[in-house]
Amino acid sequence: REYFPTFSSQRPLAGPPAAAKPTTPPPTRVGKMMVSEKIPLEERTVGVVHRDAAKMCPGYTLFSAGPETYLIDEDGRCVHQWRSKRNVFASYLLPNGHLLRDGSEAIEAPGFAAGGAAGFLEEVTWDNELVWEHSLTPYSSVLSHHDLHPMPNGNVLVHCWERKSREEAMAAGRRPDLIPDGEVWDEQILEVKPNGKGGADLVWKWCVWDHLVQDYDPKKYNYGNVAENPQLLDINYCVPGGKDGARNRDTVKGSGKGDAKGDGKGPPPGKTGEKDWLHVNCFAYDEKHDEIILVANCNSELMFIDHSTTTEEAASHKGGKHGRGGDILFRFGNAQVARRGSRMNQVLFCPHNASWIEGPEGARHILLFNNGRAPDRHWSSVEEYRLPFTPGTGYEESYTAKGTPTKVWFHGPPNGRQGSFYCTHISGAQRLPNGNTLVNMGPQAILFEVTPDQEEVWRYINPVMQVEGAAAYVRQGDFRTTGRFSLFIAKRYHPEDPCFKDEKGEPRKLIPFRYLEV
């Protein structure tokens, strides 16, 4: 459903009219929808508000809001749009021009009431016709969430939660006091292959649960010295205050009625050991080295694993090209998790959206969005690191002097400095073909592009508000006030990308038919 109410900076955003009917704006609305075209960039309040055509990377930007997925040009004009029956969190264009997207099944999966919950994935054509679909069921025990990634071989990587009972958690050495929800969620990476019959089959699986260590219960199978086993994850490392505590340290001191004083003015306390104890919010695949990065938001840590294993090897400690099965090959961000440092050694704070990029002379680099944390690291930054990796020998040992990644570029000065920004959650970054970086300020739903010298050359303020399965649009000249405008992922595609060629190899007609702001 779409509707076009008049928004004002003087009053809250209105909800949809009671009589609103499902419609798709036809191209005949062009005359009415090109208001922004007549307004100078410096006078715009939403949409593209800054653009340096000579310095920005050309291309089309894809993002999803509610059930809608939009492809916009450099001036914010929509050139294509897809509509789903479900709210979409993550979407990607495939080389053939098809769209891969997830879908929220939150209504069917109340047991997984957490940010990023999905449950469904599908591939549709350029014209939004279904190619195949896949559900991870039963939703009572497993659910896909947050992200998915298309692979060069046509398969898809997706990650999911699996509920583990209190008894299962304790059998894995979890301390009883760290099971406040009565269950703990395992994090898994699955690879599914379209089967040509309208669905997809599971062909590979990796689980955190197979790579745990603990020093609480010597009778359990995974008992060991945590610091001496960085290839395993301590099941009893739970950030104080859970997700809330990881993002805002003040919640750790909370009393339930407010701050530590109990005056009701501060944030409520977080829950240490909550079921979503890791909150892996995204992952990335490196085709060249056949590896995967997992971003553990709560632990503020990146974990690297081998994808060259079989499913059986991935559940063990042997096998694959590294000979270590599904164990963690390398990790960094927060040495406390592996008991190899203190809070003073922490460099990542609730990170998101790590991606592989190639550095000079083929060096292995990664780009990530470092969200930050209130109140002591109250700013966000985009950071590029060179990994301590040597071809033929692999990674240096995690959390050692030699095993420390080198920061080679960043954008985002500390709080109070000019150009500083802060995003409590979601958000991300993408390295563009010309060397620029596209940044997604997720909660604020603002996209901007910076050069290697940190000069901003493009900025977009999302005008699409999500209203219970509908899409509402802010009018150009008005400001966003209340309402949900957040964006999880945004991705720029170069005009020469294969996705913009049709089945005959001819360029697709990308004709702007409207601005999203009305």
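A residue counts as buried when its relative accessible area is under 20%. With that cut-off in hand, E383 is easy to place: its relative accessibility is 2%, so E383 is buried. Please keep in mind as we go that the model is a predicted one.

E383 makes a good starting point, since E383 forms a salt bridge with K407, with 3.9 Å between the closest N and O atoms. This pair links distant parts of the chain, as K407 belongs to strand β25 (residues 406–411) and E383 to strand β22 (residues 381–386), 24 residues apart. The two partners sit in unlike surroundings: K407 is partly exposed, with a relative accessible area of 43%, while E383 is buried.

Let us widen the view to charged pairs in general. Side chains of opposite charge can pair when their charged atoms come close. Across the whole structure, a search finds 28 salt bridges. One of them joins R51 to D75, whose closest N and O atoms are 2.5 Å apart. R51 lies in strand β2 (residues 47–51) and D75 in the loop between β4 (68–72) and β5 (77–83), so this contact ties together parts that are 24 residues apart in sequence. Here R51 is partly exposed at 30% relative accessible area, and D75 is buried at 12%.

R77 and D73 form another salt bridge, this time with 2.7 Å between the closest N and O atoms. R77 is partly exposed, with a relative accessible area of 23%, whereas D73 is buried at 7%. Their contact is part of something wider, for E37, D73 and R77 are linked in a network of salt bridges.

Now turn to the sheet that holds β18 and β19. Four strands make up this open sheet, in the order β16-β17-β18-β19, and their pairing is antiparallel. Why does one side of β16 (280–286) and of β19 (330–332) lack a neighbour in the sheet? Both strands stand at the edges, and each has a single partner strand, so one side of each is left free of a neighbour. From one strand to the next, the twist averages 15°. Strand β18, residues 301–306, pairs with β19 in the antiparallel sense over three bridges, and the bridge partner of M303 in β19 is R331.

These strands also carry aromatic residues. A pair of aromatic rings is described by the distance of the centres and the angle of the planes. The whole structure has 19 aromatic pairs. In one of them, the ring centres of F304 and Y395 are 5.7 Å apart and the planes meet at 55°, so the pair is tilted. F304 is in strand β18 and Y395 in strand β24 (residues 394–395), so the pair ties together parts 91 residues apart in sequence. F304 is buried, with a relative accessible area of 0%, and Y395 is buried at 13%.

F332 and Y385 have ring centres 5.2 Å apart and planes at 65°, so this pair is edge-to-face. The contact links strand β19, which holds F332, with strand β22, which holds Y385, 53 residues apart. F332 is buried at 3% relative accessibility, and Y385 is buried at 5%. Both pairs fall within one aromatic cluster, formed by F304, F330, F332, W356, Y385, F389 and Y395.

Finally, look at two places where a charge meets a ring. The charged end of R163 sits over the ring of F112, 5.9 Å from its centre. R514, in turn, lies over the face of Y473, 4.9 Å from the ring centre.

Key: Residues are numbered from 1 along each chain as its sequence is written. This is a predicted model: local features need pLDDT of at least 70, side-chain atom pairs count only at pLDDT 80 or more; totals for chains, interfaces and linings use all residues. Side-chain values use heavy atoms; hydrogens and water are left out. Two strands pair if DSSP finds at least two bridges between them. Helices (H or I, at least four residues) and strands (E, at least two) are DSSP runs, numbered from the N terminus. Axes are lines fitted to C-alpha atoms, for helices over the stretch in contact, and angles run from 0 to 180 degrees between N-to-C directions. A salt bridge is a side-chain nitrogen of Lys or Arg within 4 Å of a carboxyl oxygen of Asp or Glu. Buried means under 20% relative accessible area, exposed over 50%, partly exposed in between (1.4 Å probe, protein chains only). Rings of Phe, Tyr and Trp (its six-membered ring) pair if their centres lie within 6.5 Å; planes under 30 degrees apart count as stacked, over 60 as edge-to-face and the rest as tilted. A charge sits over a ring if NZ of Lys or CZ of Arg is within 6 Å of the ring centre and within 35 degrees of the ring normal.
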